[in-house]
Amino acid sequence: MSASHAVSADAHWGGGVSPFAASWQKTMMWIFIVTDALLFSALLCGYGYLRMISPVPWPETTEVFSIPFIAFMTFVLITSSMFMGTAVTAARLGDMKKARNNVVLTILGGLVFLGCQAYEWSHIIHEGARLTGALPGSELAHLGVPPQFPSSFFLLTGFHGSHVISGLVILIITATRTSMGKTPPQGVEMAGLYWHFVDLVWVFIFTLFYLLPS
Amino acid sequence: MSENASNPYKIYTTTWIALLIITVAMLAAEKFHMPRWFLVLFLLAFMMVKAIMIGGNFMHLRYEHSRIAFMVFVGILVTSLILFAFLTPEAASVLAKTPR
């Protein structure tokens, strides 16, 4: 490397300068979010593949699910994201009480969403859905759903649901520590980034799995 | 960060309302009996609009350095397109061999 090159590299990477103009915590959080998004990208591409190669027509989701109920779940998650955004800004402005209250409202939204998902899972399992396909003679089998349908449903919503659960754990810790005055504003922001990501993934699952016509 | 100084929380309520309106429009779209290709295009376009609104306004990506936004969008988009590009011809070949 020539001397001029070394000087130029030092000027940008020699310490004290961030190429992303963000703290290392935020940069690492974004890198984590990108990697996690790639997981869901692979899952959604796999779902698309399974849907394309299905030997029987993909069922209309309106025949299997209550779309108004799924729309309500979407409403709850979007609303919880709004509370989370408010919490992040309140923390940045130093209003930690408002931040904590909005994190608590976000947690309530997450719990309602999880409750709805548990109800939806129990309902479809009751109708005969299993990870490997529909049970013979079940209501779903009568609808003629391909085995890929329940598999995709359980994998996509299961992975998303696990992210909601981990998001709730992070939010409960954040709310508790904020009450104790131990969470810096940046802590609320990191929790918020994760929660918004969970909301973002749902936007894709909601459209690609529930709304796309067969 | 250059958010609205008079009411810094306004962006969240306006984004929330916009997201709800878009969601209702997406749900109502199938009632209009439009051609399938148009409905799919409509749903995918609004899905992307919603994703950009959540990323930009809720996750504050619009206020971050452009390198972070570049890393996020290009990283996810390119990888997804590569996956899709490899899987689609494979699916087509499987379909061609599947008796219907």
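**Exercise 1.** In this predicted model, determine which residues A:Thr157 is in contact with once its neighbours within four places in sequence are left aside, and decide whether A:Thr157 is buried or exposed.

*Solution.* With those sequence neighbours set aside, the contacts of A:Thr157 are A:Gln117, A:Trp121 and A:Tyr210. The residue itself belongs to helix 7 of chain A, which spans residues 148-179, and its side chain reaches the backbone oxygen of A:Phe153 at 2.6 Å. Since buried means under 20% relative accessible area, A:Thr157, with a value of 1%, is buried.

**Exercise 2.** Work out how helix 8 of chain A and helix 2 of chain B are oriented to each other, and how the residues of their contact divide by character.

*Solution.* Helix 8 of chain A (residues 185-211) packs against helix 2 of chain B (residues 36-58) at an angle of about 175°, with the axes 10 Å apart. Angles over 145 degrees count as roughly antiparallel, and the two helices are therefore roughly antiparallel to each other. The residues of this contact comprise 13 nonpolar, two polar and two charged; among them are A:Phe204 and A:Leu208 on the one side and B:Met47 and B:Ile54 on the other.

**Exercise 3.** Trace the network of salt bridges that includes A:Lys26.

*Solution.* Begin with A:Glu189, whose side chain meets that of A:Lys26 in a salt bridge at 3.0 Å, N to O. This pair ties together parts that are 163 residues apart in sequence, because A:Glu189 lies in helix 8 and A:Lys26 in helix 2 of chain A. Next, A:Lys26 meets B:Glu64 at 2.6 Å, N to O, a pair that crosses between chains. Shared partners thus join A:Lys26, A:Glu189 and B:Glu64 into one network.

Key:
Residues are numbered from 1 along each chain as its sequence is written. Chains are lettered from A and ligands numbered from 1 in the order in which they are written. This is a predicted model: local features need pLDDT of at least 70, side-chain atom pairs count only at pLDDT 80 or more; totals for chains, interfaces and linings use all residues. Side-chain values use heavy atoms; hydrogens and water are left out. Helices (H or I, at least four residues) and strands (E, at least two) are DSSP runs, numbered from the N terminus. Buried means under 20% relative accessible area, exposed over 50%, partly exposed in between (1.4 Å probe, protein chains only). A polar contact is a pair of N or O atoms within 3.5 Å; within protein, one must be able to donate a hydrogen and the other to accept it, and residues adjacent in sequence count only if both atoms are side-chain atoms. Contact means heavy atoms within 4.5 Å. Axes are lines fitted to C-alpha atoms, for helices over the stretch in contact, and angles run from 0 to 180 degrees between N-to-C directions. Angles under 35 degrees count as roughly parallel, over 145 as roughly antiparallel, 65 to 115 as roughly perpendicular and the rest as oblique. Ala, Val, Leu, Ile, Met, Phe, Trp, Tyr, Cys and Pro count as nonpolar, Asp, Glu, Lys and Arg as charged, and the others, Gly among them, as polar. A salt bridge is a side-chain nitrogen of Lys or Arg within 4 Å of a carboxyl oxygen of Asp or Glu.
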